[in-house]
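Thanks, everyone. I have a short walk through one model today. Please look at the structure on the screen while I talk.

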Amino acid sequence: MNHFRTNRMTAERLNESHLADLVALHLDAEVSRYLGGVRTPEVTKTYLATNMAHWNEHGFGFWTLRTEDGAFAGRAGLRHIRVDDVDEIEILYAFKREFWGQGFASEVATALTDLGLSRLKLLSLIGIVNVANVASRRALEKSNYLLERSTIRNGERVVIYRIGP
């Protein structure tokens, strides 16, 4: 599962060669406003190492996303996360601004959901979204996630969506 494709994107398992693209993505204040804020290059380097270790431990994680012409579009993935003392698998995605509003988030959410539920045989997936991030909420809803509840995480009002039992 180092690679997968959607209709308009290719996905490659996150590796060290993606650092510069991730740094640029995480330095964009608009992209990062719902991701905990702008990340310095050093924080992004740690993020990359953490997510590469997740791959080694669990056999899945984050992928970088490229358009058919090879342009870096963003990153997306599945990861283990503790929510209210329960181990969950979270779906995540972030795109460069020029790819917003074109259906890329819904496209990758659907692909990751299929990968998680069908290929990895996970029982369920969750999406944790800042309550104000309407576009991300819509992407999950288009991928058949159901709103489960609202809560506070890291001082932010979020909603949790779920697909599966």
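Start with a term. Two strands count as paired if DSSP finds at least two bridges between them. Keep in mind throughout that this model is predicted.

Now the first hairpin. Strands β3 and β4 form it, with four residues between them. One turn residue to look at is Gly70, which has a positive phi of about 90°. The two strands run antiparallel, and five bridges join them. Strand β3 covers residues 62-67, and β4 covers residues 72-83. For a register mark, take Trp63: its bridge partner in β4 is Ala76.

β3 also pairs with β2, residues 9-13. That pairing is antiparallel too, over five bridges. Here Ala11 stands opposite Leu65 of β3.

Why is β3 largely enclosed by the rest of the structure? Five of its six residues are buried, so the strand is largely enclosed. The cut-off behind that word is under 20% relative accessible area.

On to the second hairpin. This one is β7 and β8, with two residues between them. Asn154 sits in the turn, and its phi is positive, about 50°. β7 spans residues 146-153, and it pairs with β8 in the antiparallel sense over seven bridges. Leu146 stands opposite Arg162 in β8.

β8 has another partner, β6, which is residues 125-130. Again the sense is antiparallel, with six bridges. Asn130 faces Val158 of β8 across that pairing.

How many of the eight residues of β8 are buried? Six of them are, so β8, residues 156-163, is largely enclosed by the rest of the structure.

Two single residues to finish. Take Glu90 in strand β5, residues 86-95. Buried or exposed? Glu90 is buried, because its relative accessible area is 4% and the cut-off is under 20%. What does Glu90 touch, leaving out residues up to four places away in sequence? Its contacts are Gly77, Leu78, Arg79, Ile81, Ile126 and Ile128.

Then Ser106, in helix α4, residues 104-119. Ser106 has 15% relative accessibility, so this residue counts as buried as well. Leaving out residues up to four places away in sequence, Ser106 touches Ala139, Lys142 and Ser143.

That is the tour. Back to the screen for discussion.

Conventions
Residues are numbered from 1 along each chain as its sequence is written. This is a predicted model: local features need pLDDT of at least 70, side-chain atom pairs count only at pLDDT 80 or more; totals for chains, interfaces and linings use all residues. Side-chain values use heavy atoms; hydrogens and water are left out. Buried means under 20% relative accessible area, exposed over 50%, partly exposed in between (1.4 Å probe, protein chains only). Contact means heavy atoms within 4.5 Å.
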